[in-house]
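Colleague: Could you take me on a close look at one part of this model, the sheet, and then show me how the rest is arranged around it? I work at the bench, so plain words are welcome.

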Amino acid sequence: MDIETLFLDDYFAMRQHFITLASANGFSLNAVECPAKGPNNKPVFMDFAFAGNKDAKSLLVIISGTHGPEGYCGSAVQSGLLKSGKAKEWAKDHKILFVHAHNPFGFAWDVRFNEHNVDLNRNYLEDFENLPQNPLYEEIKDWAVPSDLSEDGLNYSIKNLMNYARINGFQKLQTALTAGQYSHPNGVYYGGDVPSWSHLTLKKNIIKYADGVDNIIFIDVHTGLGDYGKCELITSLPPKSLGFEKLYNIWGDEVKSSNNGESISAKLNGCLDIAMIKYLGESRTSFIAAEFGTIDPISVFRATQAATWLLNNDGLNTGLGETVRAQNRAAFYPNDLEWFNSVWQKAEEIISKAVDNL
Ligand SMILES: [Zn+2]
């Protein structure tokens with residue numbers, strides 16, 4: 001397969017490619033339109049593509065675009081599984097569901113968060129009455145988002161954050177910034193104060209597709225953390241828990257828990273994996289985030305905070321917006337054939353292991 005043909009330039013091209021391949025492989029499609037629009041006022045969608053043996057008790061779910069531009073990678077993986085014929089083959093014995101563009105607004109606009117600046121992977125809280133506290137975020141909130149995108153504004157922010165890391169350690173800075181916060185709607189990694197449209201749409205549909213199934217394995221494809229082109233499999237479940245053991249039985253010690261500092265990810269609030277386990281039942285649900293490394297973490301963070309600034313300042317549809325969007329694509333989606341190849345090979349390996357355990 002020509003890997004390059006999977007990795008396209010924008011959300012609309014990737015979606016079209018995915019839908020064409022899904023229909024050609026006999027998948028049924030369900031497009032749910034997002035209330036927010038993409039560039040040029042074009043509608044954007046969370047798409048569900050489903051196929052499988054109707055008597056199968058096993059379901060594989062592959063999710064792309066939980067974090068906007070990370071969707072390029074996830075969408076390419078989904079299309080690759082269709083184009084290679086693997087998805088169709090697996091659907092003979094199992095049920096297969098692709099969720100394309102969990103955060104379609106962010107994917108279409110190349111920003112990690114949704115139209116309300118909400119990070120979906122912090123928005124899957126069980127209880128929105130008692131929002132989690134992140135006291136560390138309070139310590140760095142004045143530097144988390146720059147006051148403007150000038151060189152001076154950005155340098156002031158990064159200089160202070162780096163200084164905080166020098167005093168407190170990088171891990172504490174990572175927790176402060178990325179664990180998820182619910183007190184500053186204009187800040188970074190904001191988890192929201194209500195379940196987002198994406199949260200409600202995914203929940204409603206996944207319950208439907210999982211009806212009658214007794215073994216479900218999710219793979220949620222992410223990018224932006226870790227070594228270039230390498231993959232880490234991340235769970236929020238603590239090691240030694242029953243759920244962790246199930247993941248370990250599939251992927252061995254590639255599975256890392258963000259619960260105990262073992263993972264490249266900080267311990268997070270409002271994660272998708274915990275919610276899916278809750279919604280669908282612990283005994284039948286396994287969920288892993290496959291995180292593919294891109295460029296260095298400071299450049300990734302600079303892109304993220306610039307995107308947040310744009311959202312806060314209505315700047316997406318401007319010349320500056322174009323520059324920041326390109327910066328975000330480069331941070332979450334390196335335009336490099338070697339990276340594409342490495343990602344595709346690893347994704348295929350991880351997902352095949354999941355299918356072997358369905
Ligand atoms: Zn992500």
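**A close look at the sheet**

Modeller: Happy to! Let me begin at a loop beside the sheet: Ala101 sits between β4 and α4 (104-109). Please keep in mind that this is a predicted model. Ala101 has a positive phi, near 65°, although this residue is not a glycine. Most residues other than glycine have a negative phi. Ala101 is also buried, because 30 other C-beta atoms lie within 10 Å, and the cut-off for that label is 20 or more.

From that loop we can step back into the sheet. The sheet is open and has 8 strands, in the order β1-β2-β4-β3-β5-β8-β6-β7, with mixed pairing. β1 and β7 (255-257) are at the edges with a single partner strand each, so one side of each has no neighbour in the sheet. From one strand to the next, the twist averages 25°.

Now to the β1 end of that order. Strand β1 (residues 28-37) runs antiparallel to strand β2 (residues 43-52), and 7 bridges join them. Two of the pairs are easy to find on your screen: Ser28 has Phe50 of β2 as its bridge partner, while Lys37 is partnered by Pro43 of β2. In a regular strand the side chains alternate between the two faces of the sheet.

Together, β1 and β2 make a hairpin with 5 residues between them. Asn40 lies in the loop between these two strands. Asn40 is not a glycine, yet its phi is positive, at about 60°. So here we have another residue with a positive phi, but where Ala101 is buried, Asn40 counts as exposed because it has 8 C-beta neighbours inside 10 Å.

On its other side, β2 pairs with strand β4 (residues 95-100), in the antiparallel sense and over 6 bridges. One pair to look for is Ala49, whose bridge partner in β4 is Phe98. How much of β2 is covered? Mostly covered is the answer, as 9 of the 10 residues in β2 are buried. Helix α8 (residues 197-209) lies across β1, β2, β3 (58-63) and β4, and runs at about 15° to β2.

Next, the arrangement around the sheet. The chain is divided into domain 1 (3-124 + 192-294 + 325-356) and domain 2 (135-188 + 300-314). Taken over C-alpha atoms, the centres of domain 1 and domain 2 are separated by 26 Å. Where the domains meet, 18 residues of domain 1 are in contact with 17 residues of domain 2. Helix α12 (residues 319-332) gives the largest share of the domain 1 side, 3 residues. That side of domain 1 is made up of 5 nonpolar, 8 polar and 5 charged residues.

Since α12 has come up, let us see how it packs. Two packed helices are described by the angle between their axes and the distance between the axes. For helix α11 (residues 297-312) and α12, the angle is about 145° and the axes are 9 Å apart. The crossing of α11 past α12 is left-handed. On α11, the contact is made by Ser299, Val300, Ala303, Ala306, Ala307 and Leu310, and on α12 by Gly321, Val324, Gln327, Asn328 and Ala331. These contact residues divide into 7 nonpolar, 4 polar and no charged.

Let me finish with Tyr333, in the loop between α12 and α13 (337-356). Is Tyr333 buried or exposed? Tyr333 is buried, because 24 other C-beta atoms lie within 10 Å. Setting aside neighbours within four places in sequence, the residues in contact with Tyr333 are Pro69, Tyr72, Cys73 and Thr223. For a sense of distance, the C-alpha atoms of Tyr333 and Ile167 are 32 Å apart, with these positions 166 residues apart along the chain.

Notes. Residues numbered from 1 in each chain as written. Predicted model: local features only at pLDDT ≥ 70, side-chain atom pairs only at ≥ 80, totals over all residues. Domains from an automatic or database assignment. Contact = placed C-beta atoms within 7 Å. Helix = DSSP H or I, 4+ residues; strand = E, 2+ residues; numbered from the N terminus. Nonpolar A, V, L, I, M, F, W, Y, C, P; charged D, E, K, R; others polar. Pairing = 2+ DSSP bridges. Axes fitted to C-alpha atoms, helices over the stretch in contact; angles between N-to-C directions. Left-handed = near helix turned anticlockwise from the far one by under 90°. Buried ≥ 20, exposed ≤ 12 C-beta atoms within 10 Å, placed from the backbone.
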